[in-house]
Amino acid sequence: MRQINRVAVLGAGVMGATIAAHLANAGLEVLLLDIVPKELDKKEEAKGLTLESPAVRNRIAANGLQGLLKMKPAPLYLKEYAAQIEVGNLEDDLGKLKQCDWIIEVVIEYMPIKLDLLKKIVPNLAPGAILSTNTSGLSVNEMAAVLPPEVKKNFLATHFFNPPRYMRLMEIVPCTDTDPEVMTGLADFIADRLGKGIVYAKDTTNFIANRIGTYAIYKGIEHMVEMEMSVEEVDAVAGPATARPKSAAFRTADLVGLDVLAHVGTNSYDLLPDDEERAVFKLPDFMKQMIENGQLGNKTKQGFYKKEMIDGKKQIFFYDHNSGDYKPLAKPKFASVQNVKQVDDPAQKVKMVLGASDKGAEFAWKSIRDTLIYTVNRIPEIADDVVNIDNAMRWGFNWEIGPFEMFDAIGVAAFVKRAEKDGVKVPDCLQGVETFYRFSENGQKEYFDLLKKEYVPVPVKEGQIQIDILKKTGNVVEKNANCSIVDLGDGIFGFEFHSKMNAISGDILAYTHKAIKRAEGEGVGLVIGNHGANFSVGANLMMVAVALAEGAYEDINMAIRSFQKATMAVKYAKVPVVTAPFGMALGGGAEYCLHSDAVNAYAETYMGLVEIGVGLLPAGGGTKEMSMRAIQLAAQYKTDVQPFIIKNFEQIAMAKVSMGAAELYNMDYMRNGDSISMDIDKLIGDAKQKALALSVNYRPKKCAENLPAPGRGIAAAIKSQLWNMQMGKFITEYEAEMGTMIAQVMCGGDVNPGTMISEEYLLQLERESFLKLCGNKKTAQRIQHMLKTGKPLRN
């Protein structure tokens, strides 16, 4: 397949513009085109422009580009990436398509318009260029019918999910004439460069995720009405309690838009006359009325939920589908849901909820039962295997486990028996299936192929390392309840956290030394990474809370010393240590990264030193490290250290968290030599390759001894700014106190500028300041509030 460097996006609406943004995130050159306006707007008239002015003719695409800079959540990793996008229009700039390797059509979901555009652009395509449509469910073959044979072989659907930066799913749908090598080549490119999870769908209405996801919501509505339940009650069950996202059913509908959901459902109803559940997709009368009333969800600020200010306080209401009115949240508490609040394993949650006997459990069973049966009946109509369907629902609708993984959680035989007891017709193909997923004797993960009636290997990407599978094949070197040391091969060991939320506990600190010793004695490098929901949310606050309650300050001192020794062991190991953060890497998680030789981060990494949120400062070496980095940058550029110290101080004092890995370079949390992986499946493999590369000529570092302290003058300047903010009531007295302590540590204490200090001295200042803050009652209050609510407290 030809190399892809330049991509054209045809259509600059929200979807087209955000696809263009993500292509720019990947470092590609992008051409964004849209139609020519038919009339001037008031600003253009005031400037004396005409319909022939380039600014007017390119206005729609230019507005799409400008909108990216204001959009939230941000579609661009960095705003400067917008410079990768060139704008134009579909009349003057079609000739530029000859310079593009991939052209993506993203115009309105209306077949006649799509067909006209495809015919229009064909003469401007370069030989071998790939052409794709972003349709969410229109027929790919109907579009292909207007294309010449040489273009058809390079034509397919590439269905991005909204928002493209954050939604991992990419549904790829070939037409009858698509060259298989073109399809697989493009799929590999999209996975590697755009970080997408690829599923292969059939040319059927709404493809995979929207077909199943919309059915699940509509069927849930049907059961809600039959069981006389409320919108709020359904969402209490159809969310995390049953391995679905927090948005559950109706908050998902509000997020997507009721009009969009209705459009997808109506497509299924109109275009699937032979679907055995066609009637389910008929738009409910109350939803039709809501849409007519403009109650479309988040975009109109009212849908199944709405927020209002009542007596100065925000109050949330839910839509009563019986009366058509909004009612205050009643916060239903089903015992079946309450019982799984502390359960992390999604499969176990599903099994427990369905095994309960209250009304919530009854709804969960009926809605899941019908959704799973419907899904089984869609093979091979919408996809050939269970893996593509499970991946589509996890990546496209944020289910924690897919439909066939739910079968395994329930037990296939148990499911069949219970469904038959209900009098529901069960697909014949389920008879005799023990489980949809299993591990073979050699540790390979397999799935049951419903078409072949046999188990086949789950595909694994080249370069992908799956720690869970390595652990099943005898590669665990040492382990405890919260972490494992795993042999990744080629002399590289892996250190995996698997505690609750990957919080860093005492045994993880102890095993850090064991992991390093193992890599030093038997290998050439170490990778710190895992496959959890997040890299690490930081230190285990419960340990600190208990110690504070007991007044055990010496225990806290020992714990901080242990944390510092662990991160310093990472920094000064005799072999390279590479961290592979992703998702949240907060507090102690960030400190592990700061002390590693290199960081290989997933693109969506949200890193920050956030300890001030619980009334503390980073004391696992984080404050020390950010002080040292400021000092070293000033020395490197032979300039004043103050601006570097102030920038790093602000990041700690304001608990700044990156909104993606690309921001970590400007925050000085990542540096030259660090890298970003777009494909999370290859994150550990990429980190391993970096460790191997560093090991070739690795030179261990020595603890820093002669660091010129920034000094008391800079600390005083920061303290003065804090005082001004306190007087202006922007921060509290306690926050000013915390900020002062952070500044004193970062500036090397009460010393003259240029006084030579050591790394160990900075660590000592960290410990002393941490313990002082622990002695303040407000710190204990903040920690307790964080443990209870998950949110910081201002006091």
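Setting aside neighbours within four places in sequence, Arg211 is in contact with Thr204, Thr205, Asn206, Ser268, Leu272, Asp275, Phe281, Tyr374, Arg378, Glu381 and Ile382. This description refers to a predicted model. Arg211 belongs to helix H9, which spans residues 209-226. With a relative accessible area of 0%, Arg211 is buried. Among its contacts, Glu381 deserves separate mention: the side chains of Arg211 and Glu381 are joined by a polar contact of 2.8 Å.

The cysteines come next. A disulfide requires two cysteine sulfur atoms within 2.5 Å, and by this rule the model contains 0 disulfides. Cys483 illustrates the point: the closest cysteine sulfur, that of Cys593, lies 16 Å from the sulfur of Cys483, so the two are too far apart for a bond. Cys483 is counted as buried because its relative accessibility is 0%. Cys100 is likewise classed as buried, since its relative accessible area is 0%.

A further feature is found at the surface. Ile108, Tyr110 and Ile113 make up a nonpolar surface patch of about 310 Å². Of these residues, Ile113 is located in helix H5, which covers residues 111-121. Why is Ile113 assigned its particular exposure class? Its relative accessibility is 39%, and Ile113 therefore counts as partly exposed; the class covers values between the limit of under 20% for buried and that of over 50% for exposed.

Taken together, the residues described include the buried Arg211 of helix H9, the buried Cys483 and the partly exposed Ile113.

Terms used: Residues are numbered from 1 along each chain as its sequence is written. This is a predicted model: local features need pLDDT of at least 70, side-chain atom pairs count only at pLDDT 80 or more; totals for chains, interfaces and linings use all residues. Side-chain values use heavy atoms; hydrogens and water are left out. Buried means under 20% relative accessible area, exposed over 50%, partly exposed in between (1.4 Å probe, protein chains only). Helices (H or I, at least four residues) and strands (E, at least two) are DSSP runs, numbered from the N terminus. A polar contact is a pair of N or O atoms within 3.5 Å; within protein, one must be able to donate a hydrogen and the other to accept it, and residues adjacent in sequence count only if both atoms are side-chain atoms. Contact means heavy atoms within 4.5 Å. Patches are made of residues with over 30% relative accessible area and no salt bridge: like charges are joined within 9 Å, nonpolar side chains (Val, Leu, Ile, Met, Phe, Trp, Tyr) within 5 Å. Accessible areas come from the Shrake-Rupley method with a 1.4 Å probe; for residues, only the protein chains shown count as cover. A salt bridge is a side-chain nitrogen of Lys or Arg within 4 Å of a carboxyl oxygen of Asp or Glu.
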